[in-house]
Amino acid sequence: MSSITPDDIKREFLKSKMGIAGITILVILIAVSIIAIITIPIETFQEWNNPGNWILNPKVATPIWVNIFRTEKIPEHQILESPNIKAISENEISLASHQFGLNFDYDYFPNDFIYVFSAEYSGSPLLEMSVIRPDGIKLNLISTSLPYSDSDTVYEERIFSTDRSIKKNLSLQSEKFGFLFERLSAEDIIFSKNQANEPLKGNYIFLINLYGVNSENQISESKLIIGGKAFGIMGTDELRRDLAIGLLWGTPLALFIGLVVSIASVVLGLVYGVYAGYKGRKTDEIMMRFNDVIYALPALPFLIILSVTISNSIFLMVGFLMIFGWVGIAKVSRSMSLQIKTRGYVDAANMMGQKDSKIMLKHILPQLLPYAFASIAISVPAAITTEAGLSFLGLGDPSFPTWGQILHDANTFGAAARGLWWWIIPPGIMIAITGLAFVFIGNALDAIINPKLKR
């Protein structure tokens, strides 16, 4: 094996278009990982499988950019958190009023609406909710008393458009419309033209009033969610989870799995093979027979058995992948070690009385570094795809939003049959792009250390 210096590797690598393309993709993936770690709170990542954390998101909503390519616009999911607040107190009557403005400019009705609030009060205040439509018609939606309390208390509630009292109040105002309300949802009535059940575009104002007697009441938290069919950059899944968060968090997880497994496997295989090749004789024979035993084990079935019987922890999976990843590297590094140890400078080091460990670390291992770098790059995609395959089979760690886990959830809920392409294609593309980056880098390095591969 000819000696190749780091400068030679750098110079030749920069001449490779494939290598530069791989490095460019890898830099982008690293940047995405940093952005994900910095911008997305760790609590969001930890609550990935908690349905309550995503309750305000829509179910299986398409990405919002889909509207760019549609002639008929589908409603986007909107979470309104900044109401216009008014507080009035007169003649022992207090009023806390929140107003939400909404510009509805879509060709379909919204899925639903939810009002989430937290009120601080004493007694039993009256909560009223109404909406002023673009045509000037005012619809009363709900009028209810909050639970009585002798002392100051904090009360939290969510009012859904499916509330029977809302549909009942709308039925009492049916004379304002020229069509029957039967089988129509509350949102289909509120956002409809008054003469035909078609979406009415324009500005809507939702009014929430809290009336109290002899007490200062206030609404401390107030959100109005208009349930749409489009949400976020990458849409949502059946559990209302924002897939953009899963895809972003999947990037550092994929790089972590791939790099840790490949680096550990290459280092272990390199040291094992060099030691066996340098020692030779019985030591070499015993070590390589053990290597053959591990090499003969079917990796994927064995990983499936281990995941089912022991644990599906992602860290344990990384350990299992390391166990099966070093054997091929050990065979190649042993062959290289057998060649290098016959060279004159190794014989000279032996004659000078240098220890075997020093000879291996100083004279043999450095010669194998170019091969090690190429092996690390080529091994990364295998680790990532293996983890994705196990997760897709339902044997991965469900607490981590890896790309394989996202694909597993998509398969579980029949995303392909339902046409939910945004749940399937993006994680598949991310796996392919990540693997392609390291394949490009590995092939470029392989061409440098094996000149015969150059065309």
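Is Glu 198 buried, partly exposed or exposed? Glu 198 turns out to be partly exposed, at 40% relative accessibility. Keep in mind as you go through these close-ups that the model is a predicted one.

**View 1. Glu 198 and Lys 193 form a salt bridge.** Look for the two side chains meeting, with 3.5 Å from N to O. We've already met Glu 198, which is partly exposed at 40%. Its partner, Lys 193, is partly exposed too, with 35% relative accessibility. If you like keeping score, the count for this model comes to 12 salt bridges.

**View 2. Asp 409 and Arg 241 form a salt bridge.** Here the N to O distance is 2.7 Å. The two residues come from distant parts of the chain, 168 residues apart. Asp 409 belongs to helix α14 (residues 403–412), while Arg 241 sits in the loop between β9 (218–227) and α6. So how covered up are they? Asp 409 counts as buried because its relative accessibility is 12%, under the 20% cut-off. Arg 241 is buried as well, with a relative accessible area of just 2%.

**View 3. Lys 331 and Asp 292 meet in a salt bridge.** The N to O distance is 2.7 Å. Lys 331 lies in helix α10 and Asp 292 in helix α7 (residues 281–296), so this pair ties together parts that are 39 residues apart in sequence. Lys 331 is partly exposed, with a relative accessible area of 29%, and Asp 292 is partly exposed at 25%. Now widen the view a bit: Glu 285 and Arg 289 join Asp 292 and Lys 331 in a network of salt bridges.

**View 4. Helix α12 has buried residues.** Follow α12 along residues 356–364 and pick out Ile 359, Met 360, His 363 and Ile 364, which are buried. They cover an arc of only 110 degrees around the axis, so they end up on the same side of α12. What do these buried residues pack against? Their neighbours are α6 (243–279), α10 (327–340) and α11 (344–351).

**View 5. A nonpolar patch lies on the surface.** Its members are Ile 64, Trp 65, Ile 68, Phe 69, Ile 233, Trp 421, Ile 425, Ile 429 and Ile 433. Together they have about 890 Å² of accessible area. Try zooming in on Trp 421, in the loop between α15 (415–418) and α16 (425–449). Trp 421 is partly exposed, with a relative accessible area of 34%.

Technical notes:
Residues are numbered from 1 along each chain as its sequence is written. This is a predicted model: local features need pLDDT of at least 70, side-chain atom pairs count only at pLDDT 80 or more; totals for chains, interfaces and linings use all residues. Side-chain values use heavy atoms; hydrogens and water are left out. Patches are made of residues with over 30% relative accessible area and no salt bridge: like charges are joined within 9 Å, nonpolar side chains (Val, Leu, Ile, Met, Phe, Trp, Tyr) within 5 Å. Accessible areas come from the Shrake-Rupley method with a 1.4 Å probe; for residues, only the protein chains shown count as cover. A salt bridge is a side-chain nitrogen of Lys or Arg within 4 Å of a carboxyl oxygen of Asp or Glu. Helices (H or I, at least four residues) and strands (E, at least two) are DSSP runs, numbered from the N terminus. Buried means under 20% relative accessible area, exposed over 50%, partly exposed in between (1.4 Å probe, protein chains only). The arc is that of the directions from the helix axis to the C-beta atoms. Contact means heavy atoms within 4.5 Å.
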